[in-house]
Amino acid sequence: MIDGIKKLAKNLTLSELRSGMKITAKEFVNTKITVQYPEEKTPISPRFRGLHALRRYPNGEERCIACKLCEAVCPANAITIESEMRDDGTRRTTQYDIDLFKCIFCGFCEEACPVDAIVETQIFDYAFESRDGSIMTKERLLKVGDDNEQVISKTKAQDAKYR
Amino acid sequence: MSSEQIIFYILSFWFIASSLAMIFARNAAKAVLFLVLGFFSAASLWILLEAEFLAITLILVYVGAVMVLFLFVIKMLNIDKSTLRAKFAGYLPLGLIVALIIIAEMTLVLGGAQFGLEVMPSPAKHGADYSNITVLAMQLYTTYVYPFELAAVLLLIAIIAAITLVHKNEINRKKQSISEQVNVKAKDRVRVVSIASPSKENK
Amino acid sequence: MMELWQSFVLGVNELMPWFDGNVAAIVIILIKAVALIMPLLLTVAYFTYAERKVIGYMQLRIGPNRVGPKGWLQPIADALKLMTKEIIFPSKANIYLFLLAPILAIAPAIAVWAVVPFDEGIYVTNLDVSLLYVLAIGSIGVYGIILAGWASNSKYPLLGALRSASLLVSYEIVIGFALVTVVMIAGSVNLNTIVADQQGGIVNWYFIPLFPMMIIFFISALVETNRAPFDVVEGESEIVGGTHVEYSGMTFAVFFLAEYANMILMAVLAVIMFFGGWHSPFEGLGVLESVFAWVPGIVWLLAKSTFFMFLYLWVRATFPRFRYDQIMRLSWKVFLPMTIIWIFVVALMTQLHIGPWFA
């Protein structure tokens with residue numbers, strides 16, 4: 001009986017509705033957490049696995065020695081490598097394609113690479129306009145590496161002690 | 001012709017035209033819409049007679065509520081026109097007789113002898129401060145208070161009767177009690193039991 | 001200028017004698033209507049912007065801010081987009097009724113504004129039964145939704161229309177009964193008189209003796225305008241988009257306009273009925289009254305209705321959608337008995353001459 005009257009009073013004074021509206025009113029004046037994306041960016045971990053890149057040594061020589069370990073380890077079969085002997089007798093790739101449609105960004109290729117040639121960068125906001133744009137050829141991968149070498153070497157150094 | 005007469009003839013034409021269209025419309029939903037148009041024309045005619053209250057009430061009650069329910073029902077029904085047409089010819093003689101009787105009665109009761117301009121001159125124009133409702137209320141609550149109350153009680157009985165009809169076979173009905181659902185609390189559904197922990201017993 | 005106008009009026013009267021020389025009056029009414037509708041549509045446009053902003057803020061976002069400075073051109077961009085989009089007709093739909101539906105939705109939503117008093121003497125027309133007019137014309141808006149559902153020849157619109165029809169009919173009764181109490185105090189169904197009767201400071205406003213009725217009116221207004229948390233007519237998560245499913249481009253925009261015009265109307269009505277319309281809240285407070293004496297009444301009316309419009313958005317940002325049968329129960333088993341009880345309470349208060357309201 002007393003419980004019923006209490007419940008009725010609570011219902012008639014809309015107490016539950018008011019407590020709900022109090023919460024939204026509080027959030028209305030709270031600081032907003034939206035990140036204005038192109039102008040502002042959230043910090044990215046050095047371990048972030050984004051777009052791939054092929055690195056070079058400081059003297060300009062490409063690191064990749066066409067050992068095909070990455071091709072073997074790739075769980076999605078996204079990597080295709082062809083290689084032959086260069087004039088100076090070293091083994092180099094003639095073709096190094098990563099299909100971004102197949103790639104699952106697991107980072108195994110980076111783990112497998114004995115010379116730290118293939119890496120995953122922090123770039124995530126890339127786009128392509130045709131279907132064949134999904135194939136990252138050797139030239140494009142090297143270009144990504146050349147353009148971002150500073151960032152790549154910094155993040156890899158940050159993460160090195162945990163490997 | 002004055003502007004009032006022109007408006008009157010336009011509205012009367014619309015009224016008659018929409019009533020006829022309502023009868024002859026093949027689509028039930030369209031028929032209802034023509035009926036709505038008819039109500040609007042009638043209401044406008046009443047406004048022309050300075051009977052705003054009645055006009056607005058006509059729209060409020062009939063257009064706003066009754067016709068909405070008509071449309072509601074029409075949408076729920078799946079009317080098979082061929083079965084309706086099949087019996088049409090059989091009912092025709094009886095229908096014609098009834099229609100003729102009604103027409104005769106209406107001409108007798110509503111004809112020029114009773115409602116002509118000589119018998120019922122057009123009402124006098126009132127000023128802007130004339131309140132239609134006040135006059136109507138005065139009449140309803142003084143002279144006609146008993147018929148008014150009787151009608152109210154009659155409607156109340158009708159409401160109760162309708163509700164009783166709906167609740168006739170309550171026993172066999174599966175229904176949800178919404179107030180119970182709304183007022184349910186966590187403790188009505190979940191029982192928190194404290195069970196002795198076995199690891200403590202082993203000690 | 002004046003001569004030109006007079007010769008125009010004379011010329012028209014000569015050509016069309018059946019106007020009885022009322023051309024000037026008709027033109028003035030038309031000008032009044034335009035002066036009312038243009039700001040109304042602009043308000044609707046920016047109300048949608050305010051809605052997105054307010055709900056965004058309540059969800060810790062910042063809402064639209066890309067089109068124009070701070071997103072101020074967003075509603076114009078939306079309007080342009082809707083105008084240039086294609087209108088698609090469902091293949092077996094009834095085209096006439098399909099196109100009639102948005103017209104029947106927007107026409108009453110705008111026509112109702114004819115009797116709304118914005119300030120002492122500022123209205124399009126002073127109808128003696130203006131409150132009933134508002135209820136009557138407002139109840140026609142449901143035809144737009146019902147016809148949209150029926151003419152689309154599609155199942156989700158039909159479900160939405162069925163829900164809408166039964167909801168609107170039941171909540172019209174509740175709104176009617178709630179407003180009967182207002183009429184009982186004011187002794188008039190003329191909106192001008194109702195506002196004039198609330199003169200003399202906050203204590204004279206009707207929301208004090210009619211507080212429960214004000215809340216019931218506001219909640220029923222939410223249902224009447226198909227707003228969250230009672231937006232079962234659209235019900236995106238259950239019936240896709242209800243009656244709007246088959247409408248695209250401008251036909252959809254018209255439904256949108258009607259819904260928001262109705263929301264603004266309900267906010268203004270709440271102010272007129274319960275919060276003293278154009279009267280300043282500082283009336284009868286000595287110094288404050290003279291300080292704010294220069295503010296025109298229309299500003300007070302709009303300021304007070306802005307609060308109610310904000311309340312619409314606030315409620316939408318807070319509550320989850322009601323289940324359909326629960327809304328019906330709320331109407332018939334909770335609100336209707338409460339309004340009827342309060343009618344008796346008001347009758348008692350009238351007999352006992354309580355407070356400044358029943359003098």
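Two residues are in contact here if their C-beta atoms, placed from the backbone, lie within 7 Å. The model shown in every view is predicted.

**View 1. Chain C meets chain B.** Here 26 residues of chain C are in contact with 24 residues of chain B. On the chain C side, three helices each give two or more residues: α5 (130-151), α6 (155-186) and α13 (324-352). Which of these elements gives the most? It is α5(C), with 9 residues. Sort this side of chain C by class and you get 17 nonpolar, 4 polar and 5 charged residues. The size of an interface is often given as the accessible area lost when the parts come together. This view counts residues instead: 26 from chain C and 24 from chain B.

**View 2. Chain C meets chain A.** This contact takes 9 residues from chain C and 9 residues from chain A. Find α2 (23-58) and α12 (297-318) of chain C. Each supplies at least two residues of the side that touches chain A. The top contributor on this side is α12(C), with 3 residues. By class, the chain C side holds 7 nonpolar residues, 1 polar and 1 charged.

**View 3. Helices α6 and α13 of chain C pack together.** Both helices also give residues to the side of chain C that touches chain B. Here they are seen against each other. Their axes lie 9 Å apart, and the packing angle is about 15 degrees. Angles under 35 degrees count as roughly parallel. Therefore α6(C) and α13(C) are roughly parallel to each other. Is their crossing left-handed or right-handed? The crossing of α6(C) and α13(C) is left-handed. The residues in this contact divide into 20 nonpolar, 5 polar and 1 charged.

**View 4. Helices α4 and α10 of chain C cross.** Follow α4 (residues 95-111) and α10 (residues 249-274). Their axes come within 8 Å and cross at roughly 30 degrees. So these two helices, α4(C) and α10(C), are also roughly parallel to each other. Their crossing is left-handed. From α4(C), the contact uses C:Pro102, C:Ala105, C:Ile106, C:Ala109 and C:Ile110. Residues from α10(C) include C:Val254, C:Phe255, C:Leu257 and C:Ala258. Others from α10(C) are C:Thr251, C:Ala261 and C:Asn262. How many residues of this contact are charged? There are no charged residues; the contact of α4(C) with α10(C) has 10 nonpolar and 2 polar residues.

**View 5. Three strands form an open sheet in chain A.** Strands of a sheet pair through backbone hydrogen bonds, either parallel or antiparallel. In chain A the order is β2-β3-β5, and the pairing is antiparallel. Which strands stand at the edges? They are β2 (79-85) and β5 (135-136) of chain A. Each has a single partner strand, so one side of each is left without a neighbour in the sheet.

**View 6. β2 and β3 of chain A pair strand to strand.** The two strands pair in the antiparallel sense over 7 bridges. Trace some of the partners. A:Met85 stands opposite A:Arg91 in β3(A). A:Glu84 has A:Arg92 as its bridge partner in β3(A). β2(A) and β3(A) make a hairpin with 5 residues between the strands. In this hairpin, A:Gly89 takes a positive phi near 85 degrees.

**View 7. β3 of chain A reaches β5, and a helix lies across both.** Strand β3 (residues 91-99) is joined to β5(A) by 2 bridges, and the strands run antiparallel. A:Ile98 has A:Met136 as its bridge partner. A:Asp99 has A:Ile135. Now find helix α5 (residues 138-147) of chain A. This helix lies across β3 and β5 of chain A, and runs at about 90 degrees to β3(A).

**View 8. Chain B is assigned three domains.** They are domain 1 (1-80), domain 2 (95-124) and domain 3 (129-166). How many Å separate the centres of domain 2 and domain 3 of chain B? Taken over C-alpha atoms, the separation is 27 Å.

Methods. Residues numbered from 1 in each chain as written. Chains lettered and ligands numbered in written order. Predicted model: local features only at pLDDT ≥ 70, side-chain atom pairs only at ≥ 80, totals over all residues. Helix = DSSP H or I, 4+ residues; strand = E, 2+ residues; numbered from the N terminus. Nonpolar A, V, L, I, M, F, W, Y, C, P; charged D, E, K, R; others polar. Domains from an automatic or database assignment. Pairing = 2+ DSSP bridges. Axes fitted to C-alpha atoms, helices over the stretch in contact; angles between N-to-C directions. Parallel < 35°, antiparallel > 145°, perpendicular 65-115°, else oblique. Left-handed = near helix turned anticlockwise from the far one by under 90°.
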